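Trainee: Got a minute? I'd like to walk through this model with you.
Mentor: Sure. Put it up and ask away.

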Amino acid sequence: MMHFMNEALKLAKRAELENEVPVGAIIIFQEKIIAQGYNQRESKKDAFAHAEIIALKQASQFLGQWRLCECILVVTLEPCLMCLAACQQARIKKIIYGAVDLKGGALSLGYSFFQDQRLAHQFEVIHEPSIPCGKILTEFFQKKRRTQKNN
């Protein structure tokens with residue numbers, strides 16, 4: 001799985017180069033990457049242009065269906081509520097994420113509806129802290145704060 005997280009991290013770096021919050025996501029189907037996304041909210045002027053949403057849409061187009069039951073989402077940052085809900089709606093099989101998001105991550109905020117037996121679909125969510133996905137985010141926001149101080 002390390003290889004796939006590194007691929008998602010490359011996408012996060014691409015987002016950073018475009019002055020976007022550096023988050024990257026890929027979707028795996030049958031051990032192959034079938035979709036990818038990175039944050040594009042600023043460039044697209046779209047609140048929904050999160051890395052995960054972009055990747056989910058791409059995967060649906062690739063497979064020709066909205067049900068992604070056999071797909072795994074690998075993302076560099078803990079999904080927000082919107083992205084976690086989108087994964088539930090897309091029937092994703094599993095999410096693996098790198099960095100924890102204490103202020104915006106659905107799990108960190110206590111939302112575990114992905115396990116709610118009342119819903120039609122449950123899925124697995126795994127935190128994979130062994131890859132330093134948080135470093136790129138920390139450095140990005142440090143640069144942003146320095147730039148804002150100097151202006």
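Trainee: How much area does the chain expose, and what share of it do carbon and sulfur atoms supply?
Mentor: About 8600 Å² is exposed, and carbon and sulfur supply 51% of that. Keep in mind that this is a predicted model.

Trainee: And what fraction of the residues counts as buried?
Mentor: 44% of the 151 residues.

Trainee: What about the radius of gyration of the chain?
Mentor: It is 15 Å. A compact globule of 151 residues would come out near 15 Å, so the chain agrees with that estimate. The C-alpha trace spans about 50 × 30 × 30 Å along the principal axes.

Trainee: What share of the contacts links residues 24 or more positions apart?
Mentor: 58%, counting contacts in the chain with a separation of 6 or more.

Trainee: Switching to secondary structure. How many helices and strands are there?
Mentor: Five helices and five strands. In sequence order the pattern reads α-β-β-α-α-β-α-β-β-α.

Trainee: Which residue between β1 and β2 has a phi near 50°?
Mentor: That is Q30, and the value is positive in a residue other than glycine. Q30 sits in the loop between β1 (24-29) and β2 (32-38). Most residues other than glycine have a negative phi.

Trainee: What is the phi of E31?
Mentor: About 65°, also positive, and E31 is not a glycine. E31 belongs to the loop between β1 and β2.

Trainee: Are Q30 and E31 buried or exposed?
Mentor: Q30 is exposed, at 62% relative accessible area. E31 is exposed too, at 63%.

Trainee: Now cysteines. How many disulfides are there?
Mentor: Zero, with a sulfur-sulfur cut-off of 2.5 Å. C83 is in no disulfide, and the nearest cysteine sulfur, that of C80, is 3.7 Å away.

Trainee: Why is C133 not bonded to another cysteine?
Mentor: Because the closest cysteine sulfur, in C83, is 15 Å from the sulfur of C133, which is too far for a bond.

Trainee: Are C83 and C133 buried or exposed?
Mentor: C83 counts as buried, at 0% relative accessibility. C133 is buried as well, with 1% relative accessible area.

Trainee: Last topic, charges. How many positive and negative side chains does the chain have?
Mentor: 20 positive and 15 negative.

Trainee: How far apart are the centres of the two sets?
Mentor: They lie 4 Å apart.

Key. Residues numbered from 1 in each chain as written. Predicted model: local features only at pLDDT ≥ 70, side-chain atom pairs only at ≥ 80, totals over all residues. Heavy atoms only, no water. Buried < 20%, exposed > 50% of the residue type's maximum accessible area, 1.4 Å probe, protein only. Helix = DSSP H or I, 4+ residues; strand = E, 2+ residues; numbered from the N terminus. Rg over C-alpha atoms; globule rule 2.2 N^0.38 Å. Contact = heavy atoms within 4.5 Å. Areas by Shrake-Rupley, 256 points an atom, 1.4 Å probe, with all protein chains shown as cover. Lys, Arg positive; Asp, Glu negative; His and termini not counted. Charge placed at Lys NZ, Arg CZ, Asp CG, Glu CD.
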